[in-house]
Amino acid sequence: MTGPGDGTGPGPGGRAGGGSGLWAALGGLTTRGRSFLAAGIAATVCSYVLGQADLLRVGLLLAVLPLLCVVVLHRTHHRVTGSRRLTPARIPVTADARVQLRIDNVSRLPTSLLMLQDRVPYVLGPRPRFVLDRIEPGGRREVSYRVRSDLRGRYPLGPLQLRLTDPFGMCELTRGFSAYDTLTVVPHTEPLPPVRPGGAGPGHGDGLRRSPALAGEDDVIPRGYRHGDDLRRVHWRSTARHGELMVRREEQPRRARCTVLLDTRRTAYEGAGPGAPFEWAVSGAASVAVHLLEQGFSVRLLTDTGSAAPGPDGRAASPHHPAEAAGLVLETLAEVEHSEGTCLSPALAALHGGEGLLVAFLGGLDEEQTGLAARMRGRGAAVAFVLDPAAWRGAPGPRARAAAEQRLQVLREAGWTALPAGPGVSLPELWQLAGGPGPAAPAPFSGPSGAGTAGGRP
């Protein structure tokens, strides 16, 4: 993905578009330049007080040199263009992206020594700086650096800045391009085993309901013959009626549906950062959504606020292109943040009367919210991964464990396949448990050092 830099302009120098004038260029004096200017002024004053002509000449030399560098640097104009190439433009957390910068000299004069700097958010690493040698007329220079982030989100890269310095280091002027690119850091996804959670259909293939295009021989809706059609599907009665070969339409598969519910309530989670329970839930929702899209499901992403994303009806765009749909879902989850709501009732209203598979990632639940979550299950299978705050704080006491198990039991009695998700738990293992009978699992949230383990299916 290419992000063009800002086009052509005079000089690399000066903030806020070049500036504005010689007086503004004086602000580019470096520490060395200011020191020379101050020393020159002091020497000139001393020469007047002491009556030393030689000291006056030294003072004038010290004072004039930085001013001369400012004038020369201000009147030096270069016409350069800058561009940035980001590869790739979307990465998972902890992965690297390569940023390639290119500077072209489009003037008839060579440039002087340039310092190239790209502005990046602090979470992506230190600000990259490069020193570029003299660029000949029509020449170019290319440099690159790498960025990475442990936090998902969308991060702007740029704008580019060029610094022009004089040979003595007395003055340094800066010019900035206006264009920037955006790096999208999406949640980490894990490959999941190809099981049927809660007995749901797999999408295409066995168990998928089909909608036949004809109800009988007399109700057939034929279409014109196309090259490659099976001749056994030729409908001779329609062929005789239309005077051309007509074939029966194939059965049209009805896509299996799934809703992935992500609980984003701030009060339902504790902590922040890459290892926080909320980030585990976001990563889990991304993994499930991508997995089901690959299995042929039409996926809707829903939050506790009742808002669906990313399409107007919450369905992933281009469902017949899983890779494109998965990318859209991942970009949506890259920016999801905590909501200020405290109740799951908006999500319950959005799910009312729904059908198809429901996969929910829920944070801490009290008695009221557990009841609302239990009522969310529609006419299809429902799987809930419950992240209890007490388990993520450390090894919960017997009372906290009993309360967590009680909440899971309420969901199971409502028809959910409810599984606890504690720190260090493996989503693929939980998904395997949600998809069918497996080996007996340890008690909820019991594990080494308080790590969560998956409970068995009800």
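Val386 stands opposite Pro420 in strand E22, and this contact belongs to a run of four bridges that joins E21 to E22 (residues 417-420) in parallel. Pairing here requires that DSSP finds at least two bridges between two strands; helices (H or I, at least four residues) and strands (E, at least two) are DSSP runs, numbered from the N terminus. The model is a predicted one, in which local features need pLDDT of at least 70, side-chain atom pairs count only at pLDDT 80 or more, and totals for chains, interfaces and linings use all residues. Residues are numbered from 1 along each chain as its sequence is written, and side-chain values use heavy atoms, with hydrogens and water left out.

Moving to the other partner of E21 (residues 382-386), we meet strand E20, which pairs with E21 in the parallel sense over five bridges. Within this pairing, Leu358 has Ala382 as its bridge partner. Helix H9 (residues 367-374) completes a right-handed β-α-β unit with E20 and E21; right-handed means that, with the strands pointing away from the viewer, the path from the first strand over the helix to the second runs clockwise. E20 also pairs in the parallel sense with strand E17 (residues 257-262), over five bridges, and here Cys258 is matched with Leu357.

Both strands of the unit are mostly covered. In E20 (residues 357-362), six of six residues are buried, that is, under 20% relative accessible area (exposed is over 50%, partly exposed in between; 1.4 Å probe, protein chains only). Leu357, Val359 and Phe361 point one way, and Leu358, Ala360 and Leu362 the other. In E21, five of five residues are buried, with Ala382, Ala384 and Val386 pointing one way and Val383 and Phe385 the other.
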